[in-house]
Amino acid sequence: MAQLRDPFLILIVILAINFVALGVSRIRAVINAVAFQGVLLGLFPLIVNFEISRRGVVLMLVTIVLKGFVIPESLRRAMRAAEIQHEHEPVISYGHSLLGGAGGIVLAMIFSSTLPLAPQHSRLLLSASLATVLTGFLLLMTRHKLIMQVLGYLLLENGIFMFGLLLLEAIPLLVELGVLLDLLTGVLVMVIVINKVNVEFKSMSSKHLSQLKG
């Protein structure tokens, strides 16, 4: 395998998007940020290695379409239908969320420094992937609005996707596409749940999920 380039600037942008997700209350802005992150991840195989295989091109195109356009547009439609624009009262403040995100980056860097990696693998990419996973978990645990929790799930999957790029040549294409299909299915199911909660309770809070029947 050829030595891959270490895309420092791209990874910095990806980590900056994590902070946008944690520190911004406007839901549309978070959707757009996560969509942009999805496009960057779709382009990642081409960014780190110009000698991309045909399966890499397929994965790149599918990732960009799903993460950058299809899923974000589904969330925007759910947001418009629910007539909600902001997450006003997170479980912890936005300032503390940003501190948690910064702490996650530090922990990810410390943990990744203890792992043995092949010479062609990027330790910075590993750190960024783990930090993005932790950001997704943090968003899932600290936001009440269902759309924001779905966005946390997307960030979590983005981190896992980044980790999978370290093993791009070892994982069969069907497995990668299957994971993306599962992601799309999960998001579409959550959009249906969001609409159901909004119709029944005129609210987007996850607190009402346990009250749904039928």
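Colleague: What makes Glu73 count as partly exposed rather than buried or exposed?

Modeller: In this predicted model, Glu73 has a relative accessible area of 28%. Buried means under 20% and exposed over 50%, so Glu73 falls in between and is called partly exposed.

Colleague: And why is Arg76 called buried?

Modeller: Its relative accessible area is 15%. That value is under 20%, so Arg76 is buried.

Colleague: How do you know that Glu73 forms a salt bridge with Arg76?

Modeller: The closest N and O atoms of the pair are 3.4 Å apart. The cut-off is within 4 Å, so Glu73 and Arg76 qualify. Both sit in helix α3 (residues 54-82), 3 residues apart, which means about one helical turn separates them.

Colleague: What makes the contact between Glu73 and Arg77 a salt bridge?

Modeller: The N to O distance is 3.6 Å, and within 4 Å is what the term asks for. Glu73 and Arg77 are 4 residues apart in helix α3, so they too are separated by about one helical turn. Arg77 counts as exposed, because its relative accessibility of 57% is over 50%.

Colleague: Which residues do shared partners join into one network?

Modeller: Let me add one more pair before answering. Glu73 also forms a salt bridge with Arg80, with the closest N and O atoms 3.3 Å apart. Arg80 is partly exposed at 42% relative accessibility. Salt bridges that share partners thus join Glu73, Arg76, Arg77 and Arg80 into one network.

Colleague: Why is helix α6 said to agree with its expected span?

Modeller: At 1.5 Å a residue, the 20 residues of α6 (residues 146-165) should span 28 Å, and the end C-alpha atoms are 29 Å apart, which agrees.

Definitions and conventions: Residues numbered from 1 in each chain as written. Predicted model: local features only at pLDDT ≥ 70, side-chain atom pairs only at ≥ 80, totals over all residues. Heavy atoms only, no water. Helix = DSSP H or I, 4+ residues; strand = E, 2+ residues; numbered from the N terminus. Expected span 1.5 Å × (residues − 1). Salt bridge = Lys/Arg side-chain N within 4 Å of Asp/Glu carboxyl O. Buried < 20%, exposed > 50% of the residue type's maximum accessible area, 1.4 Å probe, protein only.
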